[in-house]
Every structure is written in structure tokens, then in C-alpha cells.
Amino acid sequence: MPGPKKKLYIRTFGCQMNVADSERMAQVLADDFVLTDKAEEADIYLINTCAIRRKSEEKVRSLLGSLKGLKQRRPQLILGVGGCVAQQEGDRLLGAAPHLDLVFGAHGIYRLPQLVSRAAAGERPVDVELSRCFPEAPRRRWESPPARTFVTIMQGCNNFCSFCVVPYVRGREYSREPSDIIGEIGEFLAAGGQEVTLLGQNVNSYGRGLMEPVTFPELLRRVAALPGLRRLRFATSHPRDLSPDLIAAYGELPALCEHLHLPVQSGSNRILQAMNRGYTREEYLDKAARLRQTRPDLALSTDLIVGFPGETEADFEQTLDLMRQAGFDQAFSFKYSPRPQTQAAAFSGQVPDEIKAERLSRLQTFQDDLTLKAHRRLVGKVREALVEGGSKRSPVELCGRLRTNQVVNFQGPQDLVGRLLMVEITEAHPHSLKGRRAVGPPLS
Ligand code: SAH
Ligand code: SF4
Ligand code: F3S
């Protein structure tokens with residue numbers, strides 16, 4: 001008779017790819033371990049890490065340091081570090097943290113059961129091997145699926161933007177076979193799922209090297225044709241590879257949500273070139289305009305970096321000007337952080353931190369104003385929301401996501417979680433919306 005399962009705790013940092021990877025970790029260990037949300041009772045504690053900026057890496061190191069006490073209290077605890085910092089640092093992490101038992105990179109996830117056994121036997125395994133294909137994933141189980149899920153369609157990145165560590169920590173780009181993707185989504189929908197986000201570092205270069213060559217817009221068409229799918233999204237796409245065919249898909253596929261996250265990084269052509277992004281501000285704005293011609297209600301969000309090496313006040317003002325012209329609904333903005341191995345870390349003209357901080361704060365104030373204006377335009381409108389959960393503050397408050405990706409809070413019973421319904425937007429705030437449920441039954 002097998003005994004009760006042991007407990008697994010996972011702390012996740014970083015992007016949606018990491019969130020999806022953490023889910024995989026739980027899944028490959030599911031025969032012997034059950035997830036817990038209490039770190040204190042864990043038999044295995046895994047940290048899934050992010051290396052995108054120095055701050056992300058520092059958070060991991062400080063958490064790791066703070067776990068010495070837990071490991072002393074529970075000597076049998078297996079403490080592991082996975083993800084992008086693990087990939088970047090490898091066995092150096094073992095040297096820096098004597099209480100650490102295990103280090104594994106993006107592709108080591110699928111070897112976790114063996115790695116955990118070796119760690120339990122007193123070895124301190126390090127597995128940062130990157131394979132030359134899309135790693136074979138176990139089938140996901142959907143006893144009671146959430147309303148939305150993320151499906152990884154590709155791994156790695158070949159773009160080598162000069163600031164970015166991802167190609168070094170995630171390896172080369174590999175696409176997943178379309179039949180696997182369709183199979184996984186089909187099962188999710190058959191079990192009652194409604195919304196799917198296709199994930200990859202650069203999804204619109206999907207398809208290279210597949211046995212069955214399929215482009216990203218073709219994949220979207222196939223997924224959108226699956227019965228039961230209400231909403232389709234994807235992240236992240238690169239402006240350079242945003243093809244006319246992908247823009248056309250926005251006109252053809254009603255399930256494809258009218259929201260696109262299209263990271264621009266900078267509004268200065270000089271800086272874009274130094275970043276190795278492969279497009280100009282004019283090309284970016286032209287694509288944004290074409291997208292809006294195809295889907296007039298499209299919401300556009302972006303990522304921006306301030307203080308890239310050599311960025312002058314004039315370059316920075318070009319970024320603000322592009323933000324205004326593009327009319328972003330939302331922007332994630334960061335101070336440039338030099339990363340190991342990347343080209344830009346060695347560029348001359350590194351910008352002092354005070355200037356980066358001052359530009360970031362100006363940029364964020366500017367964007368807050370654009371976001372609030374976009375939110376105000378929604379007041380009085382009735383929009384479809386997928387109820388993602390209850391609010392922590394109140395048992396009668398729900399939180400839903402619009403097709404355009406904004407979050408709306410409104411009153412309603414908890415049994416509406418996971419349903420699609422219509423909500424009238426009543427109040428605009430800088431970071432959220434308030435609404436009330438419109439009359440009529442849920443749509444699903
Ligand atoms: N694959 C995505 C981006 C992944 S990283 C894409 O190409 O769009 C998410 C964001 O982090 C990037 O868009 C960028 O804005 C930011 N970022 C990446 N490297 C950075 C660095 N060295 N310093 C500051 N921000 C960075
Ligand atoms: Fe990084 Fe550029 Fe690849 Fe995005 S496209 S992951 S920013 S190298
Ligand atoms: Fe961070 Fe790795 Fe994602 S570096 S942003 S967790 S790909």
C-alpha cells in the first residue's frame with residue numbers, strides 16, 4: 001500500500017512561461033507529491049526563478065538565503081532551484097548555498113522524479129542540459145479545469161536582443177508539433193475550459209523546424225476552430241515578425257481577443273537598432289495602425305525599457321512620443337539592467353541609475369494618464385467578462401477579465417467563478433475598473 005503523498009511547495013518568479021513550467025513541475029511529480037501552499041509543511045521546496053533583470057535574480061538569492069532556517073528545522077526537506085537563474089548559474093548556486101540540494105534548468109523539469117531521488121539519496125544533482133528539441137511533455141489532466149489556461153507552443157528564443165538574457169537561459173527556439181498543441185487544447189475544452197493563451201517568447205516565429213510546417217496564423221486558425229473555445233490569446237509576439245497574415249487573423253477569428261501585447265522597448269530608432277530589435281518606430285506604428293484598421297476596438301499593451309546604454313533625453317522623449325501615438329492601453333516598464341553574457345552589458349554609455357529612475361517615473365506617470373483615459377472610455381459600456389475569481393476583500397465581490405484584458409471588479413456570488421457574463425463598467429480607476437452585472441443569464 002502506498003503511504004500518503006508527500007508535500008510539494010513551489011514558489012514561482014518571472015513570466016507566464018515560468019508559471020506554466022511550475023504547473024509542469026507539479027505534474028511530473030504528481031505520482032508521489034501533492035501541492036501545498038504552506039511552505040512550512042513542504043517535503044520538497046522548489047524555487048522557479050527569473051533572471052531577466054538583476055533585481056529578479058536578487059529576489060531569488062535573498063529567498064534562498066532566508067530558507068536556511070527552514071532547512072535546519074526540517075533536515076529532510078529537499079530544497080531545489082529551477083528556472084532561468086538555475087540555468088544561468090548552474091553548480092555555482094550549490095557553492096553559494098550549502099543548504100541547497102538540487103539545481104535544474106528549463107528542460108530538467110521532465111527529469112525531476114530522478115533528480116529528486118538522487119537529491120534524497122544525498123547527492124546534489126545539477127541538470128542544466130538544454131535539449132535540441134521541444135521537450136516531450138506529459139499529458140495534462142483536467143479533472144476540474146480552470147476557466148482559462150496557458151499552453152506552451154514553443155521554447156527558447158533566437159532573437160538575441162542585445163539587452164536580453166533569455167536566449168542564454170532558455171536556449172534556441174523550438175516549436176511544439178501542432179498535433180500536440182491541438183490535442184492538449186481539445187482536451188481542456190472538452191473538460192469545460194473556455195479561454196486559452198498560447199505561450200512562447202516569440203510566438204509569431206512559430207513553425208520553424210516542424211515535421212508538419214505550420215505558420216503561427218495557421219495555428220491560430222486551427223485552435224480557433226476547436227469546439228467550445230470562447231477566447232483565444234497569445235504572448236509574446238515580436239513586432240518585426242508580425243506578418244500581414246497575422247493581422248488578417250484579427251479580422252477573421254471572433255474568438256481571438258481584441259488585445260495584443262506587442263513589446264516596443266523604445267521609441268528611438270537609434271536605440272532600437274542598438275537593441276537589435278529589427279524594426280523602426282515608423283514600422284511599429286504602421287503595424288499598430290493596420291491592426292486597428294482590422295480590429296477597431298483592439299487594446300494594445302507593451303513593454304518599455306528606459307536608460308538603455310547611450311539613451312539621451314531626446315531618445316527618451318521619442319519613446320514618450322511613440323507611447324502617445326500608439327495610445328497604449330497598458331505598459332510594463334523597466335530600468336535597463338545589464339545582464340551576464342548579453343552584448344549591451346559591454347556597451348559604452350551606460351546610463352546612471354538616478355537618470356534611469358527619473359525617466360522611469362516620468363514614463364510611468366505618462367502611461368498612467370493614458371491608461372486612465374482608456375479606462376474612462378469604457379465607463380457606461382457593457383462588456384463580456386470571464387470571472388476569474390472572488391475578491392480577497394469581500395465574499396460578494398468578483399473579479400473578471402475583459403476581452404481587452406482589463407480587470408473589472410463587481411458584485412456577485414462565488415458560484416459565477418469560471419463563467420462568462422456581461423458587465424456594465426461603472427467606474428474607471430488607474431489600475432482597475434468597477435462594474436455591475438448586466439441583466440441576463442451568464443453566456444456560459
Ligand atoms: N519575449 C518577450 C520579452 C520577454 S522579457 C519579447 O521579446 O517581447 C520581458 C520584458 O522584460 C522585455 O520585453 C523587456 O522589456 C524587459 N527586459 C528584458 N531584458 C531586460 C533588461 N536587461 N533590463 C530591463 N528590462 C529588460
Ligand atoms: Fe529577449 Fe528579444 Fe527574445 Fe524577447 S525576442 S525573449 S526580448 S531576445
Ligand atoms: Fe524571466 Fe526566464 Fe521568463 S528570465 S522573464 S522567467 S524566460
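Q: How far does a backbone N or O atom of F163 lie from a nitrogen atom of ligand 1?
A: This is a predicted model, so local features need pLDDT of at least 70 and side-chain atom pairs pLDDT 80 or more, while totals for chains, interfaces and linings use all residues. Residues are numbered from 1 along each chain as its sequence is written, chains are lettered from A and ligands numbered from 1 in the order written, and side-chain values use heavy atoms, without hydrogens or water. A polar contact is a pair of N or O atoms within 3.5 Å; within protein, one must be able to donate a hydrogen and the other to accept it, and residues adjacent in sequence count only if both atoms are side-chain atoms. For this backbone atom of F163 and the ligand 1 nitrogen, the distance is 3.0 Å.

Q: Which residue places a polar side-chain atom 3.1 Å from an oxygen atom of ligand 1?
A: Backbone is used at S337, where an N or O atom lies 2.8 Å from a ligand 1 nitrogen. The side-chain partner of the ligand oxygen, at 3.1 Å, is R53.

Q: How many residues surround ligand 1?
A: A shell residue has a heavy atom within 4 Å of the ligand. The closest are F163, Q201, Q265, D303 and S337. By class, the shell has 6 nonpolar, 4 polar and 5 charged residues (Ala, Val, Leu, Ile, Met, Phe, Trp, Tyr, Cys and Pro are nonpolar; Asp, Glu, Lys and Arg charged; the others, Gly among them, polar). The full shell of ligand 1 counts 15 residues.

Q: Which strands each supply at least two residues of the shell around ligand 1?
A: The shell draws at least three residues from each of domain 2 (131-257) and domain 3 (286-377), with bounds from an automatic or database assignment. Strands are DSSP E runs of at least two residues, and helices are H or I runs of at least four, numbered from the N terminus. The strands asked for are strand 13 (299-306) and strand 14 (330-335).

Q: Which residue around ligand 2 is charged?
A: The shell of ligand 2 divides into 7 nonpolar, 3 polar and 1 charged. Among its residues are C157, C161, C164, F163 and H238. Arg counts as charged, and the list includes R277.

Q: What is the volume of the largest cavity?
A: A cavity is a set of points on a 1 Å grid over the protein atoms alone where a 1.4 Å probe fits but cannot get out; lining residues have an atom within 4 Å of a point. Grid points are joined across faces, edges and corners, and probe spheres set on them fill the volume. The search finds 2 cavities of 30 Å³ or more. The largest holds about 50 Å³.

Q: Which helix gives the most to the lining of the largest cavity?
A: The lining is A20, D21, R24, Y110, F134, A137, T152 and Q155. Domain 1 (6-127) and domain 2 (131-257) each give at least three residues. The top contributor, with 3 residues, is helix 1 (residues 16-28).

Q: How many charged residues line the second largest cavity?
A: This cavity holds about 40 Å³. A20, E23, R24, R140, F150, T152 and E184 line it. Alongside 2 nonpolar and 1 polar, the charged residues number 4.

Q: Which helix supplies the largest share of the lining of the second largest pocket?
A: A pocket is an open set with protein on both sides within 12 Å along at least five of seven lines. The second largest has about 690 Å³ and 26 lining residues, with E23, L35, R140, W142 and P146 nearest its centre. The largest share, 6 residues, comes from helix 1.
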